[in-house]
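Please open the structure in a viewer and keep the sequence at hand. The tour below proposes a series of selections and states what each one shows.

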Amino acid sequence: MSIQTPEKSAAPAGVWSALKELPSNVWSSVFRNPVPSTDLERASTSFTNFFLHIHPVKVNRNTLRPGYTLGLGLISLFLFFILVATGILLMFYYVPSTNQAYDRMLDLRGTVAFGIFLRNMHRWSAHGMVAMVFLHMCRVFLTGSYKKPREFNWVIGVLLLLVTLFLSFTGYLLPWDQLAFWAITVGTSIAGYAPLIGKQMQFVLLGDTTVGQEALLRFYVLHVAVLPAVLVTLVGVHFWRIRKDGGLSRPEEAPKLKAAPVVVKTRIYGLQGFVRGPFTKVGNTPEDSVFSWPNLLMAELFVFVLTVSLILVVSLMFNAPLEQPVNVMHPPNPAKAPWYFLGLQEMVSYSAFWGGIGIPGIMVALLLVVPYIDRGTQGVGRWFARERLLANTLFLTLVTLNIIFIIIGTFFRGPNWSFVSPF
Ligand code: HEM
């Protein structure tokens, strides 16, 4: 009679229990923590989850006030996500060839399942992103959030704005219809007004003296590979800097803390506590903070759902424009640049150099240096602070001028750029 050894009988039982525990073991190998219910678990979840560790464990309450950030940075980010997702799907159909590009657009409209919807989502998200990034910059300025220690992150932001504009501009050419062709012809001729290197710059951009196959290919590569990679890298640095600069800006002392400020004087967070300099906020952090899980995450989820829903609704209601195929012999009159460059085009109609290069160059230079010139520390973290009256008034004047020029260029210009009434 053979006697079974304990090992032999344990083996099937071990496999059985391993199978029974398989789902929970797989789950816990991916997610180290259960859904957090204690403060320790909330902190641990933020640390150990790849997607969550970009957040600090706790955030200041001011960060979560919807009226402070208006969620504009997040909306810009989520629009970029939608652009990447829809853009990749569009790449399965699109061919960057002057012979095929327009036909592919027609296919998307007529034969490809959800093709037109996909194109609408991509187009409206792109316009939305340009507008939201611009508005986000305005919010950061008007709350004085570019000041020390956030100067460099502001500079990264200015680069992000330029890359966003260029991303949208390069995408404009791809449908290869009349609108695309002439908008890019006008847009790139503005670059040609730069002194000394203008014509060379235009040639490098177009790969030729006119907009044609070479330009289409260059714009395509810039649009689907180079610029998204640059944007992702800059956004990474942008977010990393937000953490290193001590989270979002906030008033020096929140009003309700004035009565009984609880300021941690001696707390040291591990090694970071020994680091000196502007990066560590240890020792002067008011304890008016809440856990990122679930407070910040819920706010982010809300903004995400709102952004996606809005884009879905707009894409269901309005179709992205597609005009006649390119006809190089018949320019529309007037040929207009994309709306965000129409302010420039309007200025170019007064002076090619100053409108196309001089003034925009000075504006970008001013934006880049503003945090290094405006060194006052007052009025940070509040909208329209009295202490920042001069800076905010100057900024708003320039923004308003730009918007007025865009409105004139869009609605009040007709054949030969003459003044027309839209009414
Ligand atoms: C692709 C473009 C951009 C994305 C995705 C982005 C994203 C964000 C996000 C999510 C925040 C956190 C708070 C918020 O939503 O306001 C933020 C903060 C910030 N952003 Fe941006 N941003 C972009 C462009 C810009 C631009 C154009 C500027 C300025 C020229 C800028 C300057 C800043 C600064 C200084 C902060 C910190 C603000 C504070 O501490 O209150 N960003 N950004």
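Begin by selecting helices H6 (72–91), H8 (115–142), H9 (151–173) and H12 (213–244), each of which supplies at least two residues of the shell around the ligand. The model is a predicted one. Within this group, colour H8 separately: H8 gives the most to the shell, with six residues.

**The ligand and its shell**

Next, display the ligand together with the 23 residues that surround it. The closest of these are His136, Arg139, Gly157, His238 and Ser249. Colouring the shell by class separates 13 nonpolar, eight polar and two charged residues.

Three side chains can then be examined in turn for their distances to the ligand. Select serine 249, where an N or O atom of the side chain is 2.6 Å from an oxygen atom of the ligand. Move to arginine 139, which places a polar side-chain atom 3.0 Å from a ligand oxygen. Continue to serine 145, whose polar side-chain atom lies 3.3 Å from an oxygen atom of the ligand.

**Salt bridges**

Leave the ligand and turn to the charged pairs; the count for the model comes to eight salt bridges. Select arginine 61 and aspartate 288, which form one of them, with the closest N and O atoms 3.0 Å apart. Arginine 61 belongs to helix H4 (residues 61–64), while aspartate 288 sits in the loop between strand E3 (285–286) and strand E4 (289–291), so this pair ties together parts that are 227 residues apart in sequence. With a surface display, compare the two partners: arginine 61 is partly exposed at 41% relative accessibility, whereas aspartate 288 is buried at 11%.

Now select aspartate 245 and arginine 241. These residues form a salt bridge whose closest N and O atoms are 3.5 Å apart, and both partners are buried.

For another setting, select arginine 382 and glutamate 387, a salt bridge with its closest N and O atoms 3.1 Å apart. Here arginine 382 is partly exposed, with a relative accessible area of 37%, and glutamate 387 is also partly exposed, at 43%. Add Lys147, Asp374 and Arg388 to the selection: salt bridges that share partners join these three residues into one network.

**The nonpolar surface patch**

Select Phe353, Trp354, Ile359, Ile362, Leu366, Val369, Ile373, Leu398 and Leu401, and show their surface. Together they make a nonpolar patch of about 780 Å². Which helices each supply at least two residues of this patch? They are H16 (352–373) and H17 (389–411). H16 provides the largest share, seven residues.

Centre the view on leucine 366, a patch member located in helix H16. Its relative accessible area is 43%, so it ranks as partly exposed; over 30% is required for a residue to belong to a patch.

**After H17**

For the last stop, follow the chain into the segment after H17 and select arginine 413. Is this residue buried or exposed? Arginine 413 counts as buried because its relative accessibility is 14%, and the cut-off for that class is under 20%. Finally, display tyrosine 350 as well: the side chains of arginine 413 and tyrosine 350 are joined by a polar contact of 3.4 Å.

Conventions:
Residues numbered from 1 in each chain as written. Predicted model: local features only at pLDDT ≥ 70, side-chain atom pairs only at ≥ 80, totals over all residues. Heavy atoms only, no water. Patch = residues over 30% accessible without salt bridge, like charges linked within 9 Å, V, L, I, M, F, W, Y side chains within 5 Å. Areas by Shrake-Rupley, 256 points an atom, 1.4 Å probe, with all protein chains shown as cover. Salt bridge = Lys/Arg side-chain N within 4 Å of Asp/Glu carboxyl O. Helix = DSSP H or I, 4+ residues; strand = E, 2+ residues; numbered from the N terminus. Buried < 20%, exposed > 50% of the residue type's maximum accessible area, 1.4 Å probe, protein only. Near = heavy atom within 4 Å. Polar contact = N/O pair within 3.5 Å; in protein donor to acceptor, adjacent residues only side chain to side chain. Nonpolar A, V, L, I, M, F, W, Y, C, P; charged D, E, K, R; others polar.
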